[in-house]
Amino acid sequence: MIYLDNNATTKVDEKVLNEMLPYLRDEYANASSMYSFASKPAKALQEARAQIRDFVGAKDEKEIYFTSCGSESANTAIKGVVNCNKEKRHLITTKIEHPCVLNTYKELEKQGYEVDYIGVNAQGDLNISELTEKLRKDTALVSVMWANNETGVINPVEEIAEIIKSRSPQTKFFVDGVQSAGKIQMNVKDTKIDLLGISGHKFHAPKGVGALYVNSSTRLTSLINGGHQERGLRAGTENVPYIVGMGKAATLASDALEYELKEVKRLRDKLENGILRNVYNSRLNANLLNRVPNTTNIGFEYVEGELILLHLSDLGICASSGSACTSGSLEPSHVLRAMGVPFTALHGSIRFSLSRFTTEKEVDFVIEKMPEIMDKLTKISPFQDELKKLREIKKGE
Ligand code: PLP
């Protein structure tokens with residue numbers, strides 16, 4: 001099996017699992033209990049909070065709240081800010097956010113909020129001047145993802161934070177950091193970002209644990225009411241083993257960042273160049289230079305993405321297509337549509353996302369197999385004339 005779908009989820013690092021096991025097996029006390037049996041889980045929770053503080057570059061561990069996933073972090077941030085600023089009725093986000101942000105905004109729109117969705121160019125870069133123009137004194141919240149999950153394109157969130165605070169200081173800024181965590185350096189204390197969400201399973205911790213950074217000047221209402229865990233923001237007995245796992249995973253990801261930026265990027269570039277060179281109907285969907293190191297999104301013109309995935313899967317290769325099967329119809333990716341990717345490549349776009357566990361041998365195998373798969377699929381494509389033209393253009397290059 002060759003796993004190249006690390007933006008969907010990642011394998012749990014052995015070291016993370018080993019760190020978690022004592023808290024699943026023996027140290028099962030409720031971390032909020034008074035007896036000494038609870039002191040180890042309570043201490044582990046504290047330690048994990050400090051590890052996440054360092055991972056996102058926050059000032060204080062009091063700014064870190066544990067959640068169950070990236071979606072919960074985003075929902076807590078967005079709904080929490082909006083509920084604390086009821087007099088402000090305007091919101092901004094981008095057209096390329098993850099559904100956990102987009103659908104939360106859509107729900108608020110139904111409740112009467114006015115929302116501006118900012119567009120991107122053909123390379124996936126955000127239109128910053130559009131965002132600047134849309135900012136208003138009654139903008140309660142702006143949400144922009146740090147890195148896009150489909151293309152890997154990085155948004156200049158530090159610069160956006162500066163723009164927001166200089167024009168409308170009371171507007172809060174939430175950054176979905178789920179796809180930047182472990183792939184680029186994040187240092188929220190040096191920025192004007194108010195809130196940042198991350199998710200453990202995207203950086204080799206298990207599924208079911210996430211975190212939300214909230215700077216000390218931002219007030220939120222809670223999504224889950226109950227006990228006073230997480231200082232009243234998020235009720236529910238703390239999931240100590242998973243939180244411990246995420247803390248360890250964060251430390252490992254920080255240690256591996258240099259490798260990620262150099263080696264993972266080298267393998268990603270090798271894979272990408274190998275495919276773009278050897279497959280004549282392929283094109284890159286992203287800004288070549290402004291991406292997280294592990295992601296490539298390649299459009300294969302005049303073929304169906306689902307067929308490519310099935311052929312890859314037959315060879316044991318896991319990748320993903322931008323399209324989601326909703327209500328029985330194949331919807332092309334909202335991100336690629338926002339970029340204006342031509343319809344000829346929209347349905348045949350594939351995301352390969354690597355990790356620090358990806359090997360050179362795996363990359364070489366995919367480079368070798370991709371032209372063979374494409375050879376089969378282009379032969380059955382109904383667009384033979386168009387493919388012939390493409391082949392000739394490629395030959396002439
Ligand atoms: N934000 C981005 C950019 C993502 O890629 C994802 C997951 O794919 C999420 C949020 C949601 O994270 P989770 O699956 O932990 O809810």
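Which strands make up the open sheet of four, and in what order do they come? Hold that thought for a second, everyone, and keep in mind that what we have on screen is a predicted model. The order is 9-10-15-12, and the pairing is antiparallel. At the edges you'll find strand 9, residues 282-284, and strand 12, residues 320-321, each of which pairs on one side only.

Let's go inside that sheet. Strand 10 covers residues 295-300, strand 15 covers residues 349-353, and five bridges join these two antiparallel strands. If you'd like a pair to click on, take Asn297, which has Arg351 of strand 15 opposite it. There is a helix here too: helix 9, residues 305-314, packs on the sheet and touches strand 10, strand 12 and strand 15. The direction of helix 9 makes about 40° with that of strand 15.

Now please swing over to the other sheet. Here seven strands form an open sheet with mixed pairing, and the order reads 2-8-7-6-5-3-4. Strand 2 (64-67) and strand 4 (114-118) have a single partner strand each, so one side of each is left without a neighbour in the sheet. On average, neighbouring strands in this sheet are turned by 20° against each other, direction ignored.

One pairing to look at is strand 7, residues 195-199, with strand 8, residues 210-214: they run antiparallel and are joined by five bridges. Within that pairing, Ile198 has Ala211 of strand 8 as its bridge partner.

Two helices deserve a mention as well. Helix 2, residues 39-56, lies across strand 2, strand 7 and strand 8, and runs at about 110° to strand 2. Helix 6, residues 157-167, lies across strand 5 (139-145) and strand 6 (172-176), running at about 165° to strand 6.

And now the part I suspect you've been waiting for, the ligand. Which residues come nearest to the ligand? Of the 13 around it, they are Ser71, Asp176, Gln179, Ser199 and Lys202. By class, that shell has seven polar, four nonpolar and two charged residues.

Let's take some contacts one at a time. Ser71 places a polar side-chain atom 2.6 Å from an oxygen atom of the ligand. For Asp176, a polar side-chain atom lies 2.6 Å from a ligand nitrogen atom. In the side chain of Lys202, an N or O atom is 2.5 Å from an oxygen atom of the ligand. How much of the ligand does the protein bury? Taken alone, the ligand exposes 390 Å², and the protein buries 88% of that.

Thanks for listening, everyone!

Note on methods: Residues numbered from 1 in each chain as written. Predicted model: local features only at pLDDT ≥ 70, side-chain atom pairs only at ≥ 80, totals over all residues. Heavy atoms only, no water. Pairing = 2+ DSSP bridges. Axes fitted to C-alpha atoms, helices over the stretch in contact; angles between N-to-C directions. Contact = heavy atoms within 4.5 Å. Near = heavy atom within 4 Å. Polar contact = N/O pair within 3.5 Å; in protein donor to acceptor, adjacent residues only side chain to side chain. Areas by Shrake-Rupley, 256 points an atom, 1.4 Å probe, with all protein chains shown as cover. Nonpolar A, V, L, I, M, F, W, Y, C, P; charged D, E, K, R; others polar.
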